Amino acid sequence: MINNVSKLRVTDGRVNKDIQSCAIFGVMDRSGRRFGGKMIIEAMKNMKVRGNGLGGGFAVYGIYPEYKDCYAIHVMFEKEEVKQKVDGFLNKYFDVVDDEEIPTKEDVNLDPPMFWRYFVKPQKKGKDKILSDDDYVVDKVMKINTGIDYAYVFSSGKDMGVFKGVGFPEEIAELFMLEELYKGYIWTAHSRFPTNTPGWWGGAHPFCILDWTVVHNGEISSYGTNRRFLEMYGYYCTLFTDTEVIAYAVDLLMRKQKLPIEVVAKIFAPPMWDQIDRMEEKKKKFYTTLRMVYAPLLINGPFTIIIAHHGEMIGLTDRIRLRPITAGEKGDLLFVSSEEAAIRAVCKPDKVWTPKGGEPVIGRLKKR
Amino acid sequence: MKSHLLPEFIVERDEERCDNCKVCIKQCPFDVHYYDEEREKVMSKSELCVGCQRCVVYCPRNALRIVPYKAYRPNDYWHEDYIRDIKKQAESGGIILTSCGSSRRAKVYWDHILLNASQVTNPSIDPLREPMELRTFLGRKPDYLEIEFSEDDVEIKTELYPNLMIETPILFAGMSYGAISYNAFKSLAIAAKKFGTLFNTGEGGMPKDMREEFKDCAIVQCASGRFGVDPEYFNYSAAIEIKIGQGAKPGIGGHLPGEKVTATISSTRMIPEGTDAISPAPHHDIYSIEDLSMLIYALKEVTNYEKPICVKIAAVHNVAAIASGMVRAGADIIAIDGFRGGTGATPKIMREHVGIPVELALASVDQRLREEGIRNKCSIIVGGGIRCAADVVKAIALGADAVYIGTAALIALGCTMCQRCHTGKCAWGICTQDPNLSKRLNPKVGAERAYNLLRAWSLEIKDVLGGMGINAIESLRGNRDHLRGIGLEEWELKVLGIKGAGE
Amino acid sequence: MSKLRDPFMDNVRKIENIAKAVKFEGNMAKIDARELNHKELNDLIRLCVEKGAEKIILKNVCGQRYIGTRLFFPDKKVEIEIFGTPGNDLGMFMNGHKIVVHGNAQDGVGNTMNEGEIIVEGRAGDVVAMSMRGGRVFIRDDVGYRTAIHMKEYKDKVPVLVVGGTSQDFLGEYMAGGIVVLLGLNRGKHLANYIGTGMHGGRIYVRGKLEKYQLGKEVGIVEMEEEDYKKLESLVKDFLIYFKGKGLDEKLDVDEILGEKITKLIPVSKRPYGRIYTY
């Protein structure tokens with residue numbers, strides 16, 4: 001089942017995981033107003049020393065309103081001739097409504113591969129018909145990622161996209177002309193400080209499955225436990241990053257099992273047993289059961305993550321807050337950042353605060 | 001509770017030779033020997049003996065022998081160590097504490113590597129008569145030099161990073177004042193200064209009275225406990241070492257028990273007398289690689305970018321990736337401590353079961369940094385059980401720039417590896433703060449012994465180099481062609497990056 | 001492109017190219033930090049001190065780290081005033097200077113600080129006063145995790161941290177000396193857990209409600225004594241001087257603050273972990 005996605009490393013059970021850390025930033029306009037990339041790019045520049053130029057990326061929501069009902073598939077081709085294979089594959093399984101090269105600036109000195117975007121609608125046949133659209137897309141994306149060498153899907157959600165690569169975030173933003181070309185209502189970004197596979201564009205964050213994206217700071221010590229548990233549910237980690245594991249866990253718990261983030265946060269970052277032991281009976285039973293059942297998904301070790309999908313942006317740290325997080329608000333704008341200065345570099349917030357470890361900061365689209 | 005523990009050593013006294021002079025009583029800090037008034041003779045309690053051999057050496061009439069006592073029925077699985085430990089824990093309910101480096105039976109890769117020599121096709125060099133150079137520079141190097149030529153002048157335009165110059169690729173490893181006695185600490189400092197190499201303060205700070213004299217040959221440590229750390233301490237140094245971990249106990253902190261925190265140690269560490277000096281497991285301002293970068297640059301800031309910054313880690317599973325991260329985070333020197341590395345106190349479980357051999361760690365780190373094209377951005381120092389000059393040569397050929405010696409240096413001072421440093425009763429005056437014991441080590445004599453060891457090993461290294469036809473240590477560095485393996489499996493040869501003997 | 005990119009050192013401009021950001025007025029210097037990166041700003045601050053500035057005003061600071069760190073001049077003491085948000089490790093290893101921040105600060109304020117004073121007219125992040133060894137830090141509002149972790153003292157060198165609000169978990173962990181005061185202004189209850197875990201020196205004063213379970217195993221509650229109140233009174237007085245008119249409730253006074261219940265925490269033992277080992 002695991003083939004050769006990363007095309008770089010051994011793919012038996014004895015994987016070498018990436019170690020990486022970084023700066024992360026997310027901003028959401030909870031009224032749904034779409035805005036450009038300038039703010040997040042400036043914020044990431046402010047935290048430049050947290051990365052090392054070997055990975056930067058952005059996820060943006062609300063960028064393709066004209067194709068709202070289509071899954072937007074962002075694909076990277078490390079060899080141009082692979083495109084033909086992907087074209088064939090997508091045309092076989094989808095109705096490709098439109099496709100084009102993702103525009104990039106010529107004179108950016110990053111040596112990028114080729115990027116293409118496809119706007120598609122599922123064309124389910126045979127036994128695939130029982131699958132939901134989402135599951136169908138996930139299945140096909142996995143097939144590209146594991147089955148077609150030198151092609152890698154960056155993102156596959158509706159009306160959103162991931163732009164990432166090897167470079168500082170502002171260089172990636174310049175390459176994809178994020179400031180000029182796109183407007184979205186949620187932007188998340190990541191600056192990477194990797195120590196493995198430094199030269200692979202697919203290894204950058206955000207990590208994406210459908211419209212769910214994760215950016216992450218830290219190195220989790222429970223990776224092996226989490227990964228092997230997720231494998232039982234058909235998730236195969238092909239990038240060997242902590243982020244990938246978290247993204248799959250989010251997909252399993254939030255999309256498939258439909259648990260709200262308030263509960264998922266307590267699975268990832270549960271209260272300590274001594275705190276649980278002090279709770280009133282009902283609560284105690286709830287948390288005890290949660291920890292018992294979802295023990296393999298406790299995310300141990302330092303992490304701060306920003307999870308986003310349509311309508312929601314969430315910031316969360318590990319339960320003893322080993323990685324930094326600062327939240328801020330200005331009107332409808334909600335910020336989550338590794339450092340406060342990055343927020344202040346781009347606006348005068350009405351309020352900033354530091355959430356407790358394991359307590360999620362949640363931004364939701366206001367009902368209109 | 002009646003103790004079920006058996007003695008570990010038996011004291012054998014030759015009654016004919018012993019003239020009851022009581023020297024042994026005076027020499028033993030563990031109260032093994034005593035004078036029995038009724039029988040009017042010196043007797044011994046074997047059950048208290050730790051096997052340090054102090055009394056044997058100092059007995060004027062050579063009347064004593066201390067021999068290990070293996071009492072239980074031999075069993076290769078339920079080895080005596082396990083039986084003893086279980087009994088100890090059943091009686092105390094505590095973590096087994098020990099010291100020195102791991103003594104477990106595990107493959108020693110140094111012993112499976114053989115060195116090369118020139119025969120016929122190129123000449124060996126006679127080190128006794130021809131120049132042999134061991135001078136080594138430690139620190140970050142630029143990718144290239146920008147050189148400006150004018151009429152009759154050449155000038156280097158490139159701004160250089162601070163580098164350390166040492167006359168032999170051997171440094172004394174970090175051992176704090178506190179873990180070892182002032183006299184042991186000073187012995188190493190004097191020897192390092194005289195030989196033109198460096199000693200390392202460990203994490204206990206630098207005694208004020210030594211700062212001026214030894215500032216150019218001291219690597220000062222910044223460890224998780226931040227003991228005795230102030231701007232003056234950092235600026236009176238040759239380099240700063242951030243200690244993340246150590247081979248004898250990767251991943252945990254440690255503590256100097258309050259009874260060892262004497263007046264002078266308390267003033268060096270800047271903590272009250274008699275308080276435990278606790279070193280947390282992590283640096284609480286480093287939870288991630290970008291945090292390491294933050295501390296590295298904090299230290300560069302506080303020393304005005306004038307000192308190289310070294311980062312020391314224990315050799316652990318993912319060591320190559322970690323090392324790459326360290327270099328990218330700004331470390332000028334990385335120090336890797338293998339699982340044989342020593343300590344003044346460690347839980348036995350950590351010493352015996354955590355970490356990997358330094359030979360494998362070194363080979364994979366060096367290879368990894370070369371693959372990433374950043375090997376010149378740092379120097380590598382390895383330590384953790386370097387026992388002889390041959391180990392040094394093999395380490396350098398595998399890719400190290402220099403080695404740290406800790407245990408070997410202490411053996412030179414008198415240590416007999418009895419593994420009782422944590423008791424604070426070192427009979428040889430090394431790992432103790434008891435003034436009556438520490439005065440047994442005269443720093444002048446200690447320095448002479450440590451200096452002699454450096455000299456002897458340096459001569460041996462030159463001998464081996466000459467045999468290889470190499471007259472400058474830099475031509476050995478990373479030169480794995482001069483190594484061959486014996487009795488190693490394919491994967492081990494691959495990790496070490498060497499061929500099998502005969503290949 | 002080089003194989004190794006160093007965001008801290010790459011593109012640092014030569015001091016002569018950034019010197020225009022400094023304006024001298026007598027023995028006072030003003031630096032506009034807007035376009036300066038971390039090292040550039042600290043290069044300029046050092047330059048100002050070398051040139052004899054006794055007071056340095058920094059405008060438009062936004063995330064620059066280690067302000068005050070590169071000023072190891074045993075005989076010079078300067079005052080630095082910061083407008084904006086200083087970056088991590090503000091005043092790390094600082095040796096005797098005074099820093100006033102008109103705004104919030106981030107993680108690592110006063111990290112391993114040796115002497116001097118830092119006053120933050122706002123909140124601060126995690127590991128404030130970590131391993132602090134001397135001097136004083138005053139924070140008007142709240143602080144984050146692991147505040148005053150491993151703070152230590154030696155003889156008359158006793159570091160002091162006064163926090164107007166509250167802290168998050170692991171306050172005073174491993175604390176080996178010094179004085180920490182949590183005033184708990186404008187709040188009902190402290191929420192921090194594991195206060196004083198592994199503490200083996202120093203004292204923590206917490207004003208306001210505190211449950212036993214919030215404390216670590218190694219701390220005990222003792223009665224406040226005359227001397228404690230005396231010490232607190234002088235610290236609270238300074239706190240009010242520093243922050244009145246700087247966003248603090250104008251009605252607050254020493255009596256009101258010290259009138260509330262104050263819990264004094266000290267370590268149970270100087271040797272918290274002596275009994276878990278066997279030889």
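The following dialogue discusses how to read several features of this predicted model.

Biologist: Let us begin with chain A. How many helices and strands does chain A have?

Modeller: In this predicted model, chain A is made up of 11 helices and 16 strands. Its C-alpha trace spans about 60 × 50 × 45 Å along the principal axes.

Biologist: How does the radius of gyration of chain A stand against that of a compact globule?

Modeller: For 368 residues, a compact globule would have a radius of gyration near 21 Å; the value for chain A is 20 Å, so the two agree.

Biologist: I should next like to understand helix packing. What describes two packed helices?

Modeller: The description consists of the angle between the axes and the distance between the axes. In chain A, helix α6 (residues 223-231) packs with helix α7 (residues 242-256) at an angle of about 45°, and their axes are 10 Å apart. Because of that angle, α6(A) is oblique to α7(A).

Biologist: Is the crossing of α6(A) and α7(A) left-handed or right-handed?

Modeller: The crossing of these two helices, α6(A) and α7(A), is left-handed. On the α6(A) side, Tyr223(A), Asn226(A), Arg227(A) and Leu230(A) make the contact. The residues from α7(A) are Asp242(A), Val245(A), Tyr248(A), Ala249(A) and Leu252(A). By class, the residues of this contact of α6(A) with α7(A) comprise six nonpolar, one polar and two charged.

Biologist: Let us turn to the interface. How is the size of an interface often given?

Modeller: A frequent choice is the accessible area lost when the parts come together. For this model I can offer a count of residues instead: 22 residues of chain A are in contact with 19 residues of chain C.

Biologist: Which helix of chain A gives the most to the side that touches chain C?

Modeller: That is helix α11 (residues 340-344) of chain A, which gives four residues. The side of chain A that touches chain C has eight nonpolar residues, together with seven polar and seven charged ones.

Biologist: Chain C remains. Which domains does the domain assignment of chain C give?

Modeller: The assignment gives domain 1 (1-85) and domain 2 (103-267). In chain C, the C-alpha centres of domain 1 and domain 2 lie 30 Å apart. Chain C contains four helices and 13 strands.

Biologist: What radius of gyration does chain C have, and what would a compact globule have?

Modeller: Chain C has 20 Å, whereas a compact globule with 279 residues would have a radius of gyration near 19 Å, so the values agree. Along the principal axes, the C-alpha trace of chain C spans about 60 × 55 × 35 Å.

Key. Residues are numbered from 1 along each chain as its sequence is written. Chains are lettered from A and ligands numbered from 1 in the order in which they are written. This is a predicted model: local features need pLDDT of at least 70, side-chain atom pairs count only at pLDDT 80 or more; totals for chains, interfaces and linings use all residues. Two residues are in contact if their C-beta atoms, placed from the backbone, lie within 7 Å. Ala, Val, Leu, Ile, Met, Phe, Trp, Tyr, Cys and Pro count as nonpolar, Asp, Glu, Lys and Arg as charged, and the others, Gly among them, as polar. Axes are lines fitted to C-alpha atoms, for helices over the stretch in contact, and angles run from 0 to 180 degrees between N-to-C directions. Angles under 35 degrees count as roughly parallel, over 145 as roughly antiparallel, 65 to 115 as roughly perpendicular and the rest as oblique. A crossing is left-handed if the near helix is turned anticlockwise from the far one by less than a right angle, and right-handed if clockwise. Domain bounds come from an automatic or database domain assignment. The radius of gyration is taken over C-alpha atoms; the globule rule is 2.2 Å times the number of residues to the power 0.38.
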